[in-house]
Amino acid sequence: DARPSSVERAESLRTPPANACARARKRSLSSCAAMHAGTAAAAAAGATGASGAWLFSYNKENFGNDAGMRFGRFMMARGNANAQVAQYREDIAGITGMTVSKMDAWQTVTTLFLAVGAALSCAGRIGMHGCAPPGWYCALFSGSIFMSIMFNGTSLWLSMHASLRAQCAATSLLTRK
């Protein structure tokens with residue numbers, strides 16, 4: 001039979017025969033040029049593919065290196081942020097702790113002044129072991145003692161308020177977002 005078998009036809013489709021250019025010349029010269037251009041394009045594509053694979057592997061190494069550097073920078077920034085927050089918390093504790101300790105000391109002093117004022121005002125009269133002083137002098141003395149008790153009471157109230165307000169401010173500053 002003069003016809004080629006299916007295996008021969010498949011083989012001829014995969015690889016052009018050696019004299020394909022000669023037959024193509026008979027048909028047209030452009031198809032031979034097209035075949036050579038296709039071969040050149042295939043070679044260029046192969047070179048591009050090889051260089052693309054090299055570039056990908058080169059970029060992959062750089063990306064892997066950059067990923068490690070990026071993670072290191074992220075961890076350093078996170079550590080610095082944590083240190084900054086810790087310093088902020090220490091500053092708040094220091095400032096408010098100083099206010100609370102001073103106001104607590106002032107409360108102790110004011111309470112002692114109130115005790116002395118109460119003892120002086122409850123004594124009855126001045127000069128119990130001698131003659132009594134004039135009435136106007138006793139009035140000035142009693143007025144002074146009661147005014148000191150009033151101012152010491154106000155001072156005690158304000159020192160308690162300042163101490164509690166400093167503690168509330170510390171809690172507010174430490175728990176806000």
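A residue counts as partly exposed when its relative accessible area falls between the buried range, under 20%, and the exposed range, over 50%. Keep that scale at hand for this tour of a predicted model.

**The whole chain**

Start with the full chain in a cartoon view. Four helices appear, and there are zero strands. Followed from the N terminus, the order of elements reads α-α-α-α.

Next, show the surface. About 13900 Å² of the chain is exposed, and 67% of that comes from carbon and sulfur atoms. Of the 177 residues, 10% count as buried.

Now turn on contacts and keep those with a separation of 6 or more. Within that set, 75% are between residues 24 or more positions apart.

**Helix 3 and its phenylalanines**

Select residues 29-121, which make up helix 3. Inside this selection, pick F71 and F74 and show their side chains. How far apart are F71 and F74 along helix 3? They are three residues apart, so about one helical turn separates them.

The structure holds two aromatic pairs. F71 and F74 form one of them, with 6.4 Å from centre to centre and 35° between the planes. That pair is classed as tilted, because its angle is neither under 30 degrees, as for stacked, nor over 60, as for edge-to-face.

Is F71 buried or exposed? F71 has a relative accessibility of 53%, so it counts as exposed. F74, at 43%, is partly exposed.

**W136 and Y137**

Move along to W136 and Y137 and show both rings. Their centres lie 6.1 Å apart and their planes meet at 85°, so this pair is edge-to-face. The cut-off for that label is an angle over 60 degrees.

Colour the two residues by accessibility. W136 has a relative accessible area of 58% and is therefore exposed. Y137 has 41%, so Y137 is partly exposed.

**The cysteines C138 and C168**

Select C138, which follows in the numbering. C138 has a relative accessible area of 23%, so it is partly exposed. Then go to C168, where the relative accessibility is 47%, and this residue also counts as partly exposed.

How many disulfides does the structure hold? The count is zero, so no pair of cysteine sulfur atoms lies within 2.5 Å.

**Last view**

Return to the whole chain with the side chains of F71, F74, W136 and Y137 still shown. The view now has the tilted pair of F71 and F74 and the edge-to-face pair of W136 and Y137.

Note on methods
Residues are numbered from 1 along each chain as its sequence is written. This is a predicted model: local features need pLDDT of at least 70, side-chain atom pairs count only at pLDDT 80 or more; totals for chains, interfaces and linings use all residues. Side-chain values use heavy atoms; hydrogens and water are left out. Buried means under 20% relative accessible area, exposed over 50%, partly exposed in between (1.4 Å probe, protein chains only). Helices (H or I, at least four residues) and strands (E, at least two) are DSSP runs, numbered from the N terminus. Contact means heavy atoms within 4.5 Å. Accessible areas come from the Shrake-Rupley method with a 1.4 Å probe; for residues, only the protein chains shown count as cover. Rings of Phe, Tyr and Trp (its six-membered ring) pair if their centres lie within 6.5 Å; planes under 30 degrees apart count as stacked, over 60 as edge-to-face and the rest as tilted.
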